Amino acid sequence: MFRYIKSALAPNIEPQLPPNYFDGIQAARKLSFTSSSDASIPEFDPLVVSAYELSEMLNAHVITSVEIVEAYLHQIEQHNRRGRQLRALISVAPRHELIRIARRLDDERARGKRRGPLHGIPIVLKDNIMTDVNLGMDTTVGSYAFVGCIPKKNAIIVDRLIRRGMIIMGKSNLTEFCGLKNPSMPPGWSAVGGQTQSPYVARHIAKKKLHWELSAPGGSSTGSAVSVASGFSTLAVGTDTIGSLITPANRAALYALKPTVGEVPMDGIFTLSKTFDSAGGMAKSAKDLVALMDALMLPTSKETDTKVPNTYFRIKEDWGNLRIGFTEPTIWKTWRKSGRINADAERFMLQKYEVVVQSLIEMGVDIVYPVELPSQASLNLEGKNSFEPIVYSEFKECLSEFIRQFKITKVHSLAEIINFNLEHPELTLPPSCPNQSDLMAALQSGIQRDQVAAAKTHLQTAGGREGLDFLFATHQLDIIVSPGDAALSSLAAAAGYPTAACPLSALKLNGQPFGLTLTSPPHTEHVLLHFLTAYEATFPPRALPLPLSSVPLQDPCPEPLPDKPIIELILHEWDTRRFSCSADALADWLNARWRKSGYELSAETICEVLRSNGRIAFRGLGDDAEGAFSR
């Protein structure tokens with residue numbers, strides 16, 4: 001039975017590729033993480049290995065945390081800002097600091113001290129989570145307005161992770177201001193980080209040649225998901241308002257959990273809404289996620305002044321007495337009718353979904369199918385989005401609270417952020433995000449309290465009492481499961497339910513993963529983790545991207561060049577001002593102009609931009625910036 005299930009659900013994407021394409025892929029996997037100058041790094045594949053497996057290797061003394069950190073740093077250096085240019089991370093902690101921390105944790109392990117199951121394991125944090133200046137990384141929310149600002153201290157969850165022995169590798173890219181800047185802003189884009197790209201690559205044959213495209217990576221916690229899927233880290237923390245953690249996890253074939261709002265302390269974290277936002281975890285393995293959620297949700301002894309348990313959740317690989325309701329996968333039929341996917345993709349996705357349902361039924365798991373899920377439109381009040389007035393009314397207060405937690409900051413209000421963006425449009429308002437209409441709307445928002453109260457009441461009724469509460473009570477369910485793209489995340493957010501994601505398969509056409517979203521009543525995270533660990537033990541492994549080094553690079557240049565708007569500005573200033581062919585003079589002039597923003601370019605990079613665009617430019621010819629200022 002298990003052999004049939006794993007065969008039926010395994011992502012079947014290879015037959016469309018040339019038969020000899022995969023020759024040498026395994027060799028590429030071995031070489032994708034290790035530096036040719038350091039043959040001592042143990043051979044593990046960062047695209048595949050889980051935190052649980054690394055922990056076992058550490059406990060067996062066949063690897064050290066220092067070696068793990070070195071391997072992940074190499075992967076980041078190769079494919080974050082250059083190589084594949086995934087732009088999953090906005091900042092990476094200084095190497096010397098990471099090595100120092102890893103060595104200290106190795107020494108503790110050698111003395112018999114182990115802080116927890118994730119002792120010495122790397123993790124990345126979404127860049128709306130405050131980290132102390134000693135960790136060597138800014139907290140920007142993707143905005144240049146916060147570059148160089150210094151928080152008073154770590155967010156509470158950062159201290160929790162550190163006290164349990166995890167190594168903060170970097171801060172992940174996100175949709176700027178968690179999506180509240182411009183309604184047409186691409187998911188995963190920020191001014192500071194650029195556009196996050198998925199490591200899952202679309203591939204098709206045309207004229208007997210293999211062609212590559214990049215697939216959409218998902219919502220505002222995109223950088224966290226891509227970091228784990230790309231082998232930049234084993235684990236990640238993101239935040240979720242209405243699916244912004246769950247959607248990227250589904251698009252990256254990850255396990256993820258958004259806890260009930262209030263279960264994880266949000267001090268030191270930028271949020272859109274206190275009503276809907278919660279921090280959660282992402283991992284390649286459900287076992288990893290269990291350990292990570294323990295670390296996020298359990299207070300440390302320093303917080304409580306009492307001894308606290310090391311674990312709160314358990315790994316349960318049998319289905320037990322779970323009663324699970326599966327909704328009909330109507331969302332994919334809707335997508336096919338609208339042209340978003342073709343008929344082959346629809347059939348493939350429906351087949352994989354049905355295999356899960358029928359397999360569980362044959363195994364004797366208590367399944368209710370189909371369960372009819374309320375529509376997304378049921379959450380609207382008088383035809384209008386009910387989430388919007390709540391988020392707009394809470395955003396300004398959340399932003400003010402976030403700013404107050406900085407020790408040093410160059411902006412102190414929403415109005416100052418808007419003005420900052422207007423003063424630096426080449427950095428903050430490029431063609432991919434040419435305006436800040438959402439920020440302006442939030443500034444001018446005059447929503448009345450009774451409007452907000454009415455919206456909250458409607459969501460609690462439509463999503464809760466008449467929605468999920470009704471389904472759980474009527475069918476006596478423990479969990480409801482739906483396609484990852486269905487309305488379940490929105491309904492759960494409205495009702496205040498926790499949500500989770502798990503991988504299902506990947507499309508044949510383009511390699512895009514798709515998964516399941518599940519929810520359970522408030523404060524039942526252990527039930528969701530029970531499902532995830534049993535699911536992982538039953539069904540095939542998650543879909544993997546091909547080795548990053550096997551994909552033709554977007555840009556053969558060894559160093560990343562600036563984004564297109566900055567390149568256009570460099571060329572404009574060069575062509576309209578007098579710098580006597582000196583790239584150094586232009587660098588000095590631009591960096592003086594950008595000083596307040598914290599953005600800076602080296603003269604070498606500017607020289608490369610100029611030369612690659614047909615300009616005659618040299619290094620070290622002296623500074624003729626005065627001529628530039630005089631024109």
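In this predicted model, helix α13 gives four residues to the lining of the second largest pocket, the largest share of that lining. Two or more lining residues each come from α8 (246–251), α13 (387–404) and α18 (488–495). The volume of the second largest pocket is about 1100 Å³, and 37 residues line it. Nearest its centre lie Cys178, Ile242, Gly243, Ser244 and Ser490. Sorted by class, the lining of this pocket holds 15 nonpolar, 17 polar and five charged residues.

Ser490, one of the residues nearest the pocket centre, is also among the buried residues of α18. The others buried in this helix are Leu488, Ser489, Leu491, Ala492, Ala493 and Ala494. Because seven of its eight residues are buried, α18 is largely enclosed by the rest of the structure. Glycine 496, just after α18, adopts a positive phi of about 80°.

The model also contains an open sheet of eleven strands with mixed pairing, in the order β1-β4-β2-β9-β11-β10-β16-β17-β15-β12-β13. At its edges stand β1 (89–92) and β13 (366–371), each of which pairs on one side only. On average, and ignoring direction, neighbouring strands are turned by 25° against each other. Strands of a sheet pair through backbone hydrogen bonds, in either a parallel or an antiparallel sense. Three pairings from this sheet are set out below.

| Strand pair | Sense | Bridges | Facing residues |
|---|---|---|---|
| β2 (residues 122–126) and β9 | parallel | three bridges | isoleucine 123 and leucine 235 |
| β9 and β11 (residues 278–283) | antiparallel | six bridges | aspartate 240 and serine 278 |
| β16 (residues 499–506) and β17 (residues 513–519) | antiparallel | seven bridges | threonine 499 and threonine 519 |

Strand β9 thus takes part in a parallel pairing with β2 and an antiparallel pairing with β11. This strand, residues 235–240, is mostly covered, with six of its six residues buried. Both of its faces are covered: on one side Leu235, Val237 and Thr239 are buried, and on the other Ala236, Gly238 and Asp240. Two of these buried residues also appear in the table: leucine 235 stands opposite isoleucine 123 of β2, and aspartate 240 stands opposite serine 278 of β11.

A helix lies across another part of the sheet. Helix α17 (residues 449–475) crosses β12 (323–327), β13, β15 (479–483) and β17. The helix runs at about 120° to β15. Of the strands that α17 lies across, β13 is an edge strand, while β17 is the antiparallel partner of β16.

Conventions
Residues are numbered from 1 along each chain as its sequence is written. This is a predicted model: local features need pLDDT of at least 70, side-chain atom pairs count only at pLDDT 80 or more; totals for chains, interfaces and linings use all residues. Side-chain values use heavy atoms; hydrogens and water are left out. On a 1 Å grid over the protein atoms alone, a cavity is a set of points where a 1.4 Å probe fits but cannot get out, and a pocket is an open set with protein on both sides within 12 Å along at least five of seven lines; lining residues have an atom within 4 Å of a point. Grid points are joined across faces, edges and corners, and a volume is the space filled by probe spheres set on the points. Ala, Val, Leu, Ile, Met, Phe, Trp, Tyr, Cys and Pro count as nonpolar, Asp, Glu, Lys and Arg as charged, and the others, Gly among them, as polar. Buried means under 20% relative accessible area, exposed over 50%, partly exposed in between (1.4 Å probe, protein chains only). Two strands pair if DSSP finds at least two bridges between them. Axes are lines fitted to C-alpha atoms, for helices over the stretch in contact, and angles run from 0 to 180 degrees between N-to-C directions. Contact means heavy atoms within 4.5 Å.
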